[in-house]
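User: Please take me through this model by question and answer, with the criteria behind each term spelled out.

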Amino acid sequence: MEIDKETLIYTVIGSIPKGQVASYGQVAAIAGYPQNARLVGRLLKLMPNDSTIPWHRVVNSQGKISFPIGSNKYQEQRQKLLLEGIAFKNERVNMRVYQWQ
DNA sequence: TTCTTGACGCGCA
DNA sequence: ATGCGCGCCAAGA
């Protein structure tokens, strides 16, 4: 039986360790779908609210949150990351330090 | 079916 | 550092 992209990507995101982050592109690549960063973002958007997957640990390749600065979602994600000990430097996390794998 | 969008990424000026 | 263009690809109009 074959695992679909959706399930695989959710699994990858779910395996990101607490206190670390991964970019959309990395998640896609690890799941076996390089060049599909947009797919990752789309799935997170369609993800049910009652899901327990750590969606907040996914930021873009620049270490920035992919929501407009100041928006509720932006604040929510930033807060979750801060609570895990991830520090922000000018609205962005240091990928060299917090990047998973 | 074609065109536009978008929680993206990379190279280049 | 900062735009800008282009590649990607599934979903919606």
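The questions below go from the overall fold to one helix, one loop residue and the DNA contacts.

Analyst: This is a predicted model, in which local features need pLDDT of at least 70 and side-chain atom pairs count only at pLDDT 80 or more, while totals for chains, interfaces and linings use all residues. Residues are numbered from 1 along each chain as its sequence is written, chains are lettered from A and ligands numbered from 1 in the order in which they are written, and side-chain values use heavy atoms, with hydrogens and water left out.

User: In what order do the elements of chain A run from the N terminus on?

Analyst: Chain A has five helices and two strands, where helices (H or I, at least four residues) and strands (E, at least two) are DSSP runs numbered from the N terminus. From that end on, the order of elements is α-β-α-α-β-α-α.

User: What is the radius of gyration of chain A, and what does the globule rule give for 101 residues?

Analyst: The radius is taken over C-alpha atoms, and the rule is 2.2 Å times the number of residues to the power 0.38. The C-alpha trace of chain A spans about 45 × 30 × 20 Å along its principal axes. Chain A is as compact as a globular protein of its length, because its radius of gyration is close to the rule's value for 101 residues, with 13 Å for the chain and 13 Å from the rule.

User: Which residues of helix 3 are buried, and on how wide an arc do they lie?

Analyst: Buried means under 20% relative accessible area, exposed over 50% and partly exposed in between, with a 1.4 Å probe and protein chains only. In helix 3 the buried residues are Leu39, Val40, Leu43 and Leu44. An α-helix has 3.6 residues a turn, so residues three or four places apart point the same way. The buried residues of helix 3 are on the same side of it because, by the directions from the helix axis to the C-beta atoms, they cover an arc of only 135°.

User: Which residues are exposed on the other side of helix 3?

Analyst: The buried residues of helix 3 are covered by elements that include helix 1 (5–14), helix 2 and strand 2 (58–59). On the other side of helix 3, the exposed residues are Arg38, Lys45 and Leu46.

User: Is Glu84 buried or exposed?

Analyst: Glu84 sits in the loop between helix 4 (72–83) and helix 5 (95–98). Leaving aside neighbours within four places in sequence, Glu84 is in contact (heavy atoms within 4.5 Å) with Lys18, Gly19, His56 and Arg57. A polar atom of the Glu84 side chain lies 3.1 Å from the backbone nitrogen of Gly19. With a relative accessible area of 17%, Glu84 is buried.

User: Which helix gives the most to the surface near DNA strand B?

Analyst: A residue is near a strand if one of its heavy atoms lies within 4 Å of it. Helix 2 (24–30) and helix 3 (37–46) each supply at least two residues of the surface near DNA strand B. With six residues, the element that gives the most is helix 3.

User: How far is a polar side-chain atom of Arg42 from a base nitrogen of DNA strand B?

Analyst: Polar contacts here are pairs of N or O atoms within 3.5 Å; within protein, one must be able to donate a hydrogen and the other to accept it, and residues adjacent in sequence count only if both atoms are side-chain atoms. A polar backbone atom of Ser61 is 2.7 Å from a phosphate oxygen of DNA strand B. For the side chain of Arg42 and a base nitrogen of DNA strand B, the distance is 3.0 Å.
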